[in-house]
Amino acid sequence: MMEAKEEWISTATEALDKAYVPYSHFPVGACLVTKSGKIYQGINIENASFGLTNCAERTAFFKAVSEGEREFSHLVVAGHTPEPISPCGACRQVMAEFCHPDMPVTLVGDNGAIKEMSVRELLPYAFTEKDL
Ligand code: THU
């Protein structure tokens, strides 16, 4: 039987084929796991007006949050990159909004490249509600 984390990695990797990337041809996939064990798949969704692009991570968060989810336990992000994919700054900020700083994030690239980080490691000294 597959370990839960392997399943989440497969879910993020399978999302790569669904990415809408006619401009960059740079697919990204995500798998966001709730504390109750539900999973939300995300892809990057580009637009002819390039700045409107939504990253895979934020697609997964916005799908989940719009369904009422608020508690997350893990995020996997996958790219077709030689090194594990590096999430952009905007997505790190969204992770900081919804996730505990210790929440693990698994970053995946091609050929088994993998890196485990926490939300805090991805965005130290994050701006959050406590700063308002
Ligand atoms: N991209 C993501 O989906 N997530 C990231 O964290 C990095 C960048 C997407 C946005 C765009 O569609 C493509 O990768 C190239 O920048």
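Which backbone atom lies 3.0 Å from an oxygen atom of the ligand? It is a backbone N or O atom of A56 that sits at this distance from the ligand oxygen. Keep in mind as you look around that this is a predicted model.

**Around the ligand**

Let's stay with the ligand for a moment. Its surroundings are made by S24, F26, V28, N44, E46, T53, C55, A56, E57, P87 and C88. Sorted by character, this shell holds 6 nonpolar, 3 polar and 2 charged residues. Besides A56, two other residues of the shell have a listed contact with a ligand oxygen atom, E46 and C88. In E46, an N or O atom of the side chain is 2.5 Å from an oxygen atom of the ligand. In C88, a polar backbone atom is 2.8 Å from a ligand oxygen. How much of the ligand does the protein bury? On its own the ligand would expose 370 Å², and the protein buries 79% of that.

F26 is a good member of the shell to find in the structure. Look for F26 in the loop between helix 1 and strand 1. F26 counts as partly exposed because its relative accessible area is 39%, and partly exposed covers the range between 20% and 50%. Along the chain, F26 and H80 are 54 residues apart, yet their C-alpha atoms are separated by 7.5 Å.

**Salt bridges**

Now for the charged side chains. How many salt bridges does a search of the whole structure find? The search finds 5, and the table shows three of them, including where each partner is placed.

| Salt bridge | N to O distance | Where the partners are | Apart along the chain |
|---|---|---|---|
| E116 and K5 | 2.3 Å | E116 in strand 5, K5 in helix 1 | 111 residues |
| K38 and E69 | 3.2 Å | K38 in the loop between strand 1 and strand 2, E69 in the loop between helix 2 and strand 3 | 31 residues |
| R120 and D102 | 2.5 Å | R120 in helix 4, D102 in the loop between helix 3 and strand 4 | 18 residues |

The E116 and K5 pair links distant parts of the chain. Both partners can be described by their accessibility: E116 is partly exposed because its relative accessibility is 40%, and K5 is partly exposed because its value is 32%.

The bridge between K38 and E69 also links distant parts of the chain. Is E69 buried or exposed? E69 is buried, because its relative accessible area is 12%, and buried means under 20%. Its partner K38, with 44% relative accessibility, counts as partly exposed.

In the third pair, R120 belongs to helix 4, which spans residues 119-122. R120 is partly exposed at 42% relative accessibility, and D102 is partly exposed with a relative accessible area of 47%.

**A nonpolar patch on the surface**

Finally, turn to the outside of the model. Which residues make a nonpolar surface patch of about 440 Å²? The patch is made by Y20, Y23, I45 and F50. One of these residues, Y20, is found in the loop between helix 1 (4-15) and strand 1 (28-34). Y20 counts as partly exposed because its relative accessibility is 45%. A residue needs over 30% relative accessible area to be part of a patch, so the 45% of Y20 meets that cut-off.

Technical notes: Residues numbered from 1 in each chain as written. Predicted model: local features only at pLDDT ≥ 70, side-chain atom pairs only at ≥ 80, totals over all residues. Heavy atoms only, no water. Patch = residues over 30% accessible without salt bridge, like charges linked within 9 Å, V, L, I, M, F, W, Y side chains within 5 Å. Areas by Shrake-Rupley, 256 points an atom, 1.4 Å probe, with all protein chains shown as cover. Salt bridge = Lys/Arg side-chain N within 4 Å of Asp/Glu carboxyl O. Helix = DSSP H or I, 4+ residues; strand = E, 2+ residues; numbered from the N terminus. Buried < 20%, exposed > 50% of the residue type's maximum accessible area, 1.4 Å probe, protein only. Near = heavy atom within 4 Å. Polar contact = N/O pair within 3.5 Å; in protein donor to acceptor, adjacent residues only side chain to side chain. Nonpolar A, V, L, I, M, F, W, Y, C, P; charged D, E, K, R; others polar.
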